[in-house]
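Visitor: I'd like to learn how to read the folds and packing in a model like this one. Could you walk me through it?

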Amino acid sequence: MKIIIGCLNHEANSFATDPGTFERWHRTNFVAIGDEVWDYKDKRGAHLAGMFSAAEEEGVEIVPTIFLAGAAPVLTREALDHGVEIICDVIRRNRDADGLCFCLHGAGVAEGIDDIETYTMRKMREAAGKDIPIAISCDLHANIKPEMLQEADAGVFGMKQYPHNDKFETAYLAMKTLIAKLRGEVDPVTAYCPVPILIPCSGASTLKLPMKAFPDHMAAYCKEKGLIDVTFFNGFPYADTAHTRCSVVVVGRRGQDVQACANELGRWVWEHRHETTVELYDAAGAWEKACEEAAKPGAGFVAINETSDNPGAGCPGDGTGMLRELLRRNEPGTIFGYIYDKEILDKAMAAGVGGTVSGLLGGKSDRCHGEPVMIENAVVRALSDGRGIYVSPNKVGQDVNYRGLARLQIGNAEVIVAGACANQTFDDRPFVLTGADLNQYRIAVLKSSTHFHGWFDDHAKAIVTANTPGNSTENFSLFPYKKLRRPIFPLDPEMTFEP
Ligand SMILES: [Zn+2]
C-alpha cells in the first residue's frame, strides 16, 4: 500500500494588509519540499510525525510532498497554486498511490477562494486521475465547510488541544483511519454542526478550565458512543468567510447517526458559550495588573502576552502597543522578548556588544499596529545568531531561526530585537539565546495569544493578557467583516440558536 502525505496549512488573517506571497506564507516557519519532509519523521511537535509513525506501524509506503504551515494574509492565487502544484506534481508521478493523507489547516483563504482546503483536495484528486480516498488532519482553528467533509471521504480529524500539543495524535489517527478504510476494515462517515460563536483565542487555552471542559466533554462522548473521533473546532475569527465560526465534527462508522451526535454536541457548545469570553486589558491596564501580580508574595516573573499582534495569527510581530508602554514605564527588571525589526538588529550587530543604537524601532510593517518608537543610545547587551531549538511541548524539537537577536538596554528596560518574524514567542528561546535569565526579571512581555501557555504556565508567576490595537485583537466589533454570517455570538449577544 502506498500513501502520499503532506502538510499545506494556511491560516488566513483577512485584515492583514501586506501581500500574501509564497514567501510571506512560510515566513514564520520553515518550508520543506520532497525528501526534505523526512526531517519531520521523528519531530513529535510536527503534524507529519504522526503520519510517518502510523504508516511505519502498518508497513505502508510513504511518499512525502511538502511541509508548509503558516498564518499569513489572504494568499495570492500564485502563492496558493505554487504550493498546490508541488503536491500535484508528486501525485501525477505516483498514480499507483492508494490514498492521500494531508494536514490542511481549515482556515485558509486565497484571492477568490474562501475554502482553499476543498480547492486543494479537488486539485489533488484531479492529479491522481481517479477517485482516491483522502483523510485530512486539521487545526483546532479550522472554519469547517461542508464541502471539506464531502471531499475528505476518509475523515476530517482535528486537534483538540490549545496549545496544539496533539498534532502528532491527530495526524496519526487520520493516517490509521485512512489505512483501515483502504483495507476495508472501516467505512468512516463524517458529520458536522456549525455553531455561531466567535471564540477569542487568548481565553481558549485547554490547559485549564473553563475551556478544558470542551475537549474533555467531546472525548467522553466519543468514547461513550463508540465513535472514531470527535473534535470541537474553535474556528478562526480573523478569516472573514461565510463559514467563520466554531463547529463540532464527528467521525463515526457507517450506520452510526453521526449527524445526531454532532447536533447534540453543537447544542452543548452553545449552552456553554458564555465560558468562551475573556477579560482583557489595554496596554496601561495590562501593565498595572502585571505590577499588582508582581507585588504579590512569591518568586518569579509575570508574563504579559500581547495577543493583538500575534505573528501566529498572521500579524507582523513588530507592533508597538506594549513596547511603547514598557518604555514609558521605564522600570528596572522588565524585558520584552521579542520584537521584529531587521533595521535595528543590523545596527546592533554593527555596533557590537557595548555599542549603542539609535533610530525608529518597530511599527514598520503596516499601519495597524502602532507607530514606530524612537530609541536613542540603546546599549547592546548581547547578540546571538538567533538559531535555536524549541522546548515548548507544542513545538518541541523543531528549529527556530530569528535571523539574529540583540538584547538592548533602553533606559531601565530591556528589549530583544529579532532580524526575522520567526512566529510568536512559544517559550524562553529569545531570552535564553541572548543570555537573559527570566527569573531575574519582574515583568516579561511577549507576543502570543495562547501557544505561549505551553511553556510559560509552568514558569511564570502570573499571566496577564494585553489587547492593544492590532489585527488579532479580541475586540471583534472593530473588524470590518464583509462575509461573516450574522447573527453570531458575542457580536449579537441576544441571538438564539438551534442546530
Ligand atoms: Zn491553531
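Guide: Happy to. Helices and strands here are DSSP runs, numbered from the N terminus. One caution before we go on: this is a predicted model.

Visitor: Let's try those labels on a loop. Where is Leu209 found?

Guide: Leu209 sits in the loop between β7 and α7 (213-225).

Visitor: And is Leu209 buried or exposed?

Guide: Count the C-beta atoms around the residue: 12 or fewer within 10 Å is the cut-off for exposed. Leu209 has 11 such neighbours inside 10 Å, so it counts as exposed. Also look at Glu275: Leu209 and Glu275 are 66 residues apart in sequence, yet their C-alpha atoms are 9.1 Å apart in space.

Visitor: Now sheets. What holds the strands of a sheet together?

Guide: In general, strands pair through backbone hydrogen bonds, and the pairing is either parallel or antiparallel. Here, six strands make an open sheet with mixed pairing, in the order β2-β3-β1-β4-β5-β6.

Visitor: Which strands stand at the edges of that sheet?

Guide: Those are β2 (32-33) and β6 (156-158). Each has a single partner strand, so one side of each is left without a neighbour in the sheet.

Visitor: Can we zoom in on one pair inside it?

Guide: Take β4 (residues 99-103) and β5 (residues 134-138), which pair in the parallel sense over four bridges. Within that pair, Phe102 has Ile136 of β5 as its bridge partner. Helix α6 (residues 167-182) packs on this sheet, touching β1, β4, β5 and β6, and its direction makes about 170 degrees with that of β5.

Visitor: What does helix α2 lie across?

Guide: Helix α2 (residues 47-58) lies across β1 (2-13), β3 (61-73), β4 and β5, and runs at about 165 degrees to β1.

Visitor: So how do I describe two helices packed on each other?

Guide: The usual description gives the angle between the axes and the distance between the axes. For α2 and α6, the angle is about 40 degrees and the axes are 6 Å apart. That makes α2 and α6 oblique to each other, and their crossing is right-handed. Residues in the contact include Leu48, Met51 and Ala55 of α2, and Phe168, Tyr172 and Ile179 of α6. By class, the contact has 10 nonpolar, four polar and four charged residues.

Visitor: Is there another helix pair I could practise on?

Guide: Try α9 (residues 283-295) and α10 (residues 321-329). Their axes come within 9 Å and cross at roughly 55 degrees. α9 and α10 are therefore oblique to each other, and α9 passes α10 in a right-handed crossing. Ala283, Ala284 and Trp287 in α9 meet Gly321, Met322, Glu325 and Arg329 in α10. Those residues divide into four nonpolar, one polar and two charged.

Visitor: Back to sheets. What is the order in the three-stranded one?

Guide: The open sheet of three strands runs β7-β9-β8, with antiparallel pairing. β7 (188-195) and β8 (229-233) are at the edges with a single partner strand each, so one side of each lacks a neighbour in the sheet. Ignoring direction, neighbouring strands here are turned by 15 degrees against each other on average. β7 and β9 (residues 246-253) pair antiparallel over eight bridges, and Tyr192 stands opposite Val249 in β9. Helix α8 (residues 258-271) lies across β7, β8 and β9, at about 30 degrees to β7.

Visitor: Last one: how many residues of β17 are buried?

Guide: For buried, the cut-off is 20 or more other C-beta atoms within 10 Å. Six of the six residues of β17 (residues 413-418) are buried, so the strand is largely enclosed by the rest of the structure. Ala413, Val415 and Val417 point one way, while Glu414, Ile416 and Ala418 point the other, and all are buried.

Visitor: Which strands pair with β17?

Guide: β11 (residues 334-340) pairs with β17 in the parallel sense over five bridges, with Gly337 opposite Ile416. β16 (residues 405-410) runs antiparallel to β17 and is joined to it by six bridges, with Gln409 opposite Glu414. The hairpin of β16 and β17 has two residues between the strands, and Gly411 takes a positive phi near 65 degrees there.

How values were computed
Residues numbered from 1 in each chain as written. Predicted model: local features only at pLDDT ≥ 70, side-chain atom pairs only at ≥ 80, totals over all residues. Pairing = 2+ DSSP bridges. Contact = placed C-beta atoms within 7 Å. Axes fitted to C-alpha atoms, helices over the stretch in contact; angles between N-to-C directions. Parallel < 35°, antiparallel > 145°, perpendicular 65-115°, else oblique. Left-handed = near helix turned anticlockwise from the far one by under 90°. Nonpolar A, V, L, I, M, F, W, Y, C, P; charged D, E, K, R; others polar.
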